[in-house]
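Biologist: I'd like to go through this model with you, one label at a time. Whenever you use a term, tell me what earns it.

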Amino acid sequence: MNSAVFELYRDEPPQAASPLAADVPLSIRELTVSYGEKPAVLAVSATVPPESMTAIVGPNGAGKSTLLKAALGIVPSLSGQVLVYGKPLSQAMHRIAYVPQRASVDWDFPTRVIDVVLMGLYRELGLLRFVRHQHKEKALACLHRVGMADFAYRQIGQLSGGQQQRVFLARALAQDADLYLLDEPFAGVDAATEKAIIDVLKSLKAEHKTAVCVHHDLSTVTQYFDHVLLINVRKIAEGPVASTFTEENLQKTYGGRLATAHIDELKLPEPQR
């Protein structure tokens, strides 16, 4: 199935949808993405629970970021279905906020921090992009929430990597979404920024929002997240961290390459009996 046909298929309303489908923030069914002849994601299905913090975990090249981008329609998919709160992506984009990998952004673009956050208010600003006082106040409030209000009128390129990541999180907060998708939000940031980001994500959960993060640091999965999706091109396992983030599933995900000493450092949940 080519990507054009897939897009038409994905935008069709689901047949015989569950009555609870509207409560599910993100439902992925048999999603396949290929770069050339090699599949990057192969028939992956996943269901993100509402009001959860979900980690997508796997080795380098496992398709973690590709899965997230395909779910958003940023990269084309060969087959599969994506539903956001029970609706096709095209009908639910207003409920999603996305934070891309920092490395994928052109930080030399000459713009101020507050202007970056105001980009998250594009639906409120309308076609004329007329910024009113209340829009600036909202942008400043989002910057304050991530500890960056004092940098509002700095050039974005003058900030450190961790500060830039906070600004992009503030832009996502400005969208006032229900589902937040973040691609490696903790990669290459300092400890203070990591704490600031996780505190904001936990506060979003307390506000009945849902967060999904591509995550690479196995040592913080049990501390930060309550739901996990383990993939290595295919889905290996999915479910609550307490029952899914196990040594057996991790070894399957990483091809048995995790050393025993490293496993012991992870403080995995005790096996359920």
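Biologist: Which strands each supply at least two residues of the lining of the largest cavity?

Modeller: That would be β1, β2 and β3 (53–57), and β2 gives the most, with three residues. Before we go on: this is a predicted model, where local features need pLDDT of at least 70 and side-chain atom pairs count only at pLDDT 80 or more, while totals for chains, interfaces and linings use all residues. Residues are numbered from 1 along each chain as its sequence is written, and side-chain values use heavy atoms, with hydrogens and water left out.

Biologist: What makes it a cavity, and what volume does the largest one have?

Modeller: On a 1 Å grid over the protein atoms alone, a cavity is a set of points where a 1.4 Å probe fits but cannot get out. The structure holds one of 30 Å³ or more, and the largest has a volume of about 50 Å³, counted as the space filled by probe spheres set on the points, which are joined across faces, edges and corners.

Biologist: Which residues line the largest cavity, and how do you sort them by class?

Modeller: A lining residue has an atom within 4 Å of a point; those that pass are L26, I28, A46, T47, V48, T54, I56, V212, L229 and E238. That gives seven nonpolar, two polar and one charged residues. Leu, Ile, Ala and Val count as nonpolar and Glu as charged, so Thr falls among the others, which are polar.

Biologist: How do you know that β1 and β2 pair?

Modeller: Two strands pair if DSSP finds at least two bridges between them. Seven bridges join β1 (residues 26–35) to β2 (residues 38–48), so the pair passes, and the two run antiparallel. Strands here are DSSP runs of E, at least two residues long, and helices are runs of H or I, at least four, all numbered from the N terminus. Y35 has K38 as its bridge partner. The two strands form a hairpin with two residues between them, and G36 in the turn has a positive phi of about 70°.

Biologist: Which sheet do they belong to?

Modeller: An open one of four strands, in the order β2-β1-β4-β5, with antiparallel pairing. Its edge strands are β2 and β5 (87–88), each pairing on one side only. On the other flank of β1, four bridges lead to β4 (residues 79–84), where S79 is the partner of T32.

Biologist: What makes the pairing of the six-strand sheet mixed?

Modeller: Its order is β6-β7-β8-β3-β9-β10. In it, β3 and β8 (residues 210–214) run parallel, joined by four bridges, with A55 opposite C213. By contrast, β9 (residues 227–232) and β10 run antiparallel, with six bridges. The hairpin of β9 and β10 has one residue between the strands, V233, with a positive phi near 70°.

Biologist: Why is α5 called oblique to α6?

Modeller: The axes of α5 (residues 133–145) and α6 (residues 161–174) come within 8 Å and cross at roughly 130°. Angles under 35 degrees count as roughly parallel, over 145 as roughly antiparallel, 65 to 115 as roughly perpendicular and the rest as oblique, so α5 is oblique to α6. The axes are lines fitted to C-alpha atoms over the stretch in contact, with angles from 0 to 180 degrees between N-to-C directions.

Biologist: Why do α6 and α7 get another label?

Modeller: Their axes come within 9 Å and cross at roughly 15°, with α7 covering residues 191–206. That falls under the parallel cut-off, so the two are roughly parallel to each other.

Biologist: Which crossing is left-handed and which right-handed?

Modeller: α6 passes α7 in a left-handed crossing, whereas α5 and α6 cross right-handed. Left-handed means that the near helix is turned anticlockwise from the far one by less than a right angle, and right-handed means clockwise.

Technical notes. On a 1 Å grid over the protein atoms alone, a cavity is a set of points where a 1.4 Å probe fits but cannot get out, and a pocket is an open set with protein on both sides within 12 Å along at least five of seven lines; lining residues have an atom within 4 Å of a point.
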